[in-house]
Amino acid sequence: MKKLFKSTVLLLSILCMSQHIHAQETKILVLIHSDNGGTYTLAQEVAKGIESTGKVKADIKLVKSSSNSSLKDIPVATVEELTTYNGIAFGSPIYFGNISTAMSEFLSKTVDLWSNHALEGMPATVFMSAGSGAGKELAIQSFWNSLAVHGMILVPSGIMGNESIDKTVPQGNTVLGTTSLASLKNVERPTKSERYLAKIQGQNLSKIALALKGTYQSSLITKGDNQEKNIDEVLKEKKIELPTVPQPAGSYEPYVRTGNLIFINQVALKNGKIVNPGKLGVDINEKQVNEATRATILNVLSVLKDAVGGDLNQVKKCVQLTGIFNTKADYTQHADLMNVASNLLVEIFGDKGKHARATYGASSIPVNSSVEIQAIFEVE
Ligand SMILES: Cc1cc2nc3c(=O)[nH]c(=O)nc-3n(C[C@H](O)[C@H](O)[C@H](O)COP(=O)(O)O)c2cc1C
């Protein structure tokens, strides 16, 4: 009997824990553009409402970085990460009865998500910062058009909370979503009532996101993400040509694959010659080392391509780069030299190209190259 009781308690704790973990994982993105901070203030209330259910985390992110001091520390969202959320609250200023250009530009980058049905069935709501409020419903409605094309579940406000708002001053309430009438000077905006409406709008989205969680497919996302970053197309767009695979100059392999890791070491060899050979500060300058570094990392990529049977889309991650430079003993700017290689990998592979790194100086490098790069990649 005691044993049965113990097992039941254990089972219940596991169930509670797993429910807790499950609940903790629910996340809503509050995705905004704001020029003067009005939309951001509403966003903060929406986020409070989302988190008021105690089961959902809200992340406020911008569609575009801002130099406004109250906005500059807010992270910028990527298109790909939209699919990792359980709901999105969109916020934008109203410009001429419509959404802002920055928000519109961000939405125009979601074509791959759309063609992969990646946001279908995900709940979304819209709030906006207005001036006079001219065309406020039209603006939210035009926002809804794009979200409807994505197949998102549009969550309106209806007349939620209207009985509690201060009716002695104009308020930005609409049945589609909250707005704030920022240009009506005699009252601080957003008003207490507008903030209240924004908060309950967030709370409502939170409840719907919890109810809909797991009812729509997010597995299509990965497919879309991969399709979005076809590495051959990236190389073509950026006019990056990979050299022919350099042949080993000694008793070693151009690469070694062990499990899903590929190890590669290269120097600045191009068309059978070393690009800008010698020691930095003695024979060559930093610009020449930069050219040699670019040639070296392109050699690394060419070997990598060979190692994955010609399909660079199989690269899952650049794990580590080590850059060795032929420098004088008192040289200290190795990191700047190595950025040429690091930046190129991120330019080509995006987040997958970000890596751990070591750089150091050497008194000499084989075949008088000014640089050697050692690289480790994880592949499919
Ligand atoms: C070019 C322009 C057009 C605007 N059009 C409208 C409009 O049609 N309706 C409205 O209510 N406010 C309009 N506004 C005012 C903005 O919506 C308002 O300033 C808003 O609060 C800005 O949001 P933010 O503080 O998040 O940047 C417009 C402002 C600008 C600069």
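This passage describes the domains, selected secondary structure and ligand surroundings of a predicted model.

The protein is divided into two parts, with domain 1 covering residues 16-228 and domain 2 covering residues 231-379. Taken over C-alpha atoms, the centres of domain 1 and domain 2 are separated by 43 Å. An unreviewed UniProt entry places the feature "domain: Flavodoxin-like" at residues 28-205. Over residues 28-205, helix accounts for 31% of the chain and strand for 17%. The C-alpha atoms at the two ends of this stretch are 9 Å apart.

Strand 1 (residues 27-32) pairs with strand 2 (residues 57-62) in the parallel sense, over six bridges. Within this pairing, L31 stands opposite K61 in strand 2. Together with helix 2, strand 1 and strand 2 make a β-α-β unit that is right-handed.

Helix 2 (38-51) also contributes to the surroundings of the ligand: helix 2 and strand 4 (123-130) each supply at least two residues of the shell. In total, 20 residues surround the ligand, and the closest are G38, T39, P93, A130 and G131. By residue class, the shell around the ligand comprises seven nonpolar, 11 polar and two charged residues.

Helix 6 (residues 192-212) has 21 residues and, at 1.5 Å a residue, should span 30 Å. The end C-alpha atoms of helix 6 are 30 Å apart, so the model agrees with the expected span. Helix 6 is followed by G214, for which phi is positive, near 85°.

Key. Residues are numbered from 1 along each chain as its sequence is written. This is a predicted model: local features need pLDDT of at least 70, side-chain atom pairs count only at pLDDT 80 or more; totals for chains, interfaces and linings use all residues. Domain bounds come from an automatic or database domain assignment. UniProt positions are given in the numbering used here, feature names are shortened, and annotations may be inferred rather than shown by experiment. Helices (H or I, at least four residues) and strands (E, at least two) are DSSP runs, numbered from the N terminus. The expected span of a helix is 1.5 Å times one less than its number of residues. A residue is near a molecule or strand if its C-beta atom, placed from the backbone, lies within 6 Å of it. Ala, Val, Leu, Ile, Met, Phe, Trp, Tyr, Cys and Pro count as nonpolar, Asp, Glu, Lys and Arg as charged, and the others, Gly among them, as polar. Two strands pair if DSSP finds at least two bridges between them. A crossover is right-handed if, with the strands pointing away from the viewer, the path from the first strand over the helix to the second runs clockwise.
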